[in-house]
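Thanks for coming. I have one structure to go through today, so let me put it on the screen.

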Amino acid sequence: MRVLVTGGTGFIGSHTVVELINAGHEAVIVDNLYNSDIHVLDRIEKITGVRPEFFETDILDFEGLEKVFQAHEYDAIIHFAGYKAVGESVAKPLVYYENNISGSLNLYHLAAKYNVKRIVFSSSATVYGDDFEAPFKEEYGYGTTTNPYGTTKLFNERILTDLAFADKELSAVLLRYFNPIGAHKSGLIGEVPNGIPNNLLPYIAKVANGQLPYLSVFGDDYDTVDGTGVRDYIHVVDLARAHVKALDYAMNHTGAEVINIGTGKGYSVLQVLHAYEKACGKEIPYKIVARRPGDIATCYADPSKAKKLLGFETQYDIEEMCEDGYRFSSQNPDGIK
Ligand code: NAD
Ligand code: UFG
């Protein structure tokens with residue numbers, strides 16, 4: 001199958017391209033390199049022996065994106081391209097709505113024009129908001145999103161659901177990711193945050209590398225095992241494998257389907273910190289500080305629908321997520337260049 005992967009040089013996209021190639025598919029990447037580096041292509045080639053075709057194109061550029069559709073026929077699209085920083089989206093909502101909604105609309109217009117009927121979309125557990133109790137089940141629908149980033153995910157889910165209702169040949173698989181971490185076993189690709197990281201694992205990695213002095217733990221008074229926030233961390237290679245399964249599903253089904261992609265297990269901030277300490281063999285200094293506004297206490301998936309519909313189950317545990325994440329970040333302290 002030839003698959004167009006938007007955002008394919010990014011963190012989740014690059015791992016998914018590797019798994020697509022491993023599964024015998026052809027991946028064509030479109031990315032504007034806003035949050036990734038061109039050398040990711042060298043790394044993908046080193047891992048797989050295949051250099052994917054690459055278009056340095058902004059999905060906001062309709063004419064530019066149309067050239068990508070004119071270059072080949074695609075069997076499916078996996079749509080990762082977008083901005084993802086929650087705090088930044090609160091400060092710059094228009095930038096987020098423009099990129100994540102207008103960019104997606106360009107893509108969906110062209111998919112319709114060029115007859116591409118299978119779309120896998122990167123959604124997020126953030127669409128559950130803080131309205132429900134974990135484990136989060138797809139049948140809960142949507143909660144109240146607490147930031148513009150989350151709202152762009154919710155809107156994309158709605159748009160694709162409406163498109164699949166209007167076009168009975170369309171298949172839209174809406175994957176709600178929980179917290180992807182870790183890196184490819186080769187240490188060649190992984191997560192490269194811009195500036196000071198917002199997310200837990202990239203922050204811990206910088207402390208372990210001596211690039212930041214200590215981790216601030218946002219609150220220890222939640223109703224959880226040790227008072228710190230609980231999340232469902234999933235190895236990025238497991239998440240990438242889920243996309244290959246989602247494509248297989250999209251080949252044989254029509255309509256829109258929301259599917260959680262998580263492990264079903266929750267770990268607290270301190271549990272993750274200790275797992276990372278074990279992986280890197282160092283103590284990670286931390287300080288307890290105030291809660292971060294907008295955070296919820298506990299978030300983990302009910303992963304049973306992914307197992308039932310996609311035959312997908314995770315393979316890697318928190319220890320391996322930390323070991324693989326540490327391997328990448330210690331070997332690439334300044335990212336992929
Ligand atoms: P990432 O930033 O590493 O990858 C996104 C890629 O999209 C980057 O390479 C960036 O350059 C590209 N991009 C952004 N805007 C673009 C545009 N207008 N045109 C072309 N390319 C553009 O992020 P990621 O962690 O790999 O996330 C991938 C997707 O998964 C995103 O849509 C994100 O919102 C979603 N998601 C991520 C997480 C997470 O925790 N990482 C959780 C849930 C959902
Ligand atoms: N945390 C800290 N210190 C930090 C960073 C995070 O204590 O420096 C804590 C948070 O309070 C939370 C946990 O670590 O309890 C995880 O926080 P992250 O920022 O890593 O992840 P979130 O669960 O807040 O959000 C992530 C993505 C969102 C996505 C969501 C669900 O950032 O985009 O997972 O998929 F929507």
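Which atom of ligand 1 lies 2.7 Å from a polar side-chain atom of N99? A nitrogen atom of ligand 1 does. Before the rest, some housekeeping. This is a predicted model, with local features needing pLDDT of at least 70 and side-chain atom pairs counting only at pLDDT 80 or more, while totals for chains, interfaces and linings use all residues. Residues are numbered from 1 along each chain as its sequence is written, chains are lettered from A and ligands numbered from 1 in the order in which they are written, and side-chain values use heavy atoms, with hydrogens and water left out.

Back to ligand 1. Two of its oxygen contacts: one oxygen atom is 2.8 Å from a polar backbone atom of I12, and an oxygen atom is 2.8 Å from an N or O atom in the side chain of K84. The protein covers 94% of the 820 Å² of accessible area that ligand 1 has on its own; accessible areas come from the Shrake-Rupley method with a 1.4 Å probe. Elements giving two or more residues to this shell are α1 (11–22), β5 (118–124) and α6 (148–166), and β5 gives the most, three residues. Helices here are DSSP runs of H or I, at least four residues, and strands are runs of E, at least two, numbered from the N terminus. In total, 27 residues surround ligand 1, the closest being D31, N35, S36, K84 and N99; a residue counts if one of its heavy atoms lies within 4 Å.

Now ligand 2, which has 20 residues around it, S124, N199, S216, R231 and D295 being the closest. Its oxygen atoms have polar side-chain atoms at 2.6 Å from D295, at 2.8 Å from N199 and at 3.0 Å from N179. Here the protein covers 88% of the 690 Å² that ligand 2 has accessible on its own. Strand β8 (residues 215–218) supplies the largest share of the shell, four residues.

Last, the sheet. Seven strands form an open sheet in the order β3-β2-β1-β4-β5-β6-β11, with parallel pairing; two strands pair if DSSP finds at least two bridges between them. At the edges are β3 (53–56) and β11 (255–261), each pairing on one side only. β5, already met at ligand 1, pairs with β6 (residues 171–177) in the parallel sense over seven bridges, and I119 stands opposite A172 in β6.

How values were computed
A polar contact is a pair of N or O atoms within 3.5 Å; within protein, one must be able to donate a hydrogen and the other to accept it, and residues adjacent in sequence count only if both atoms are side-chain atoms.
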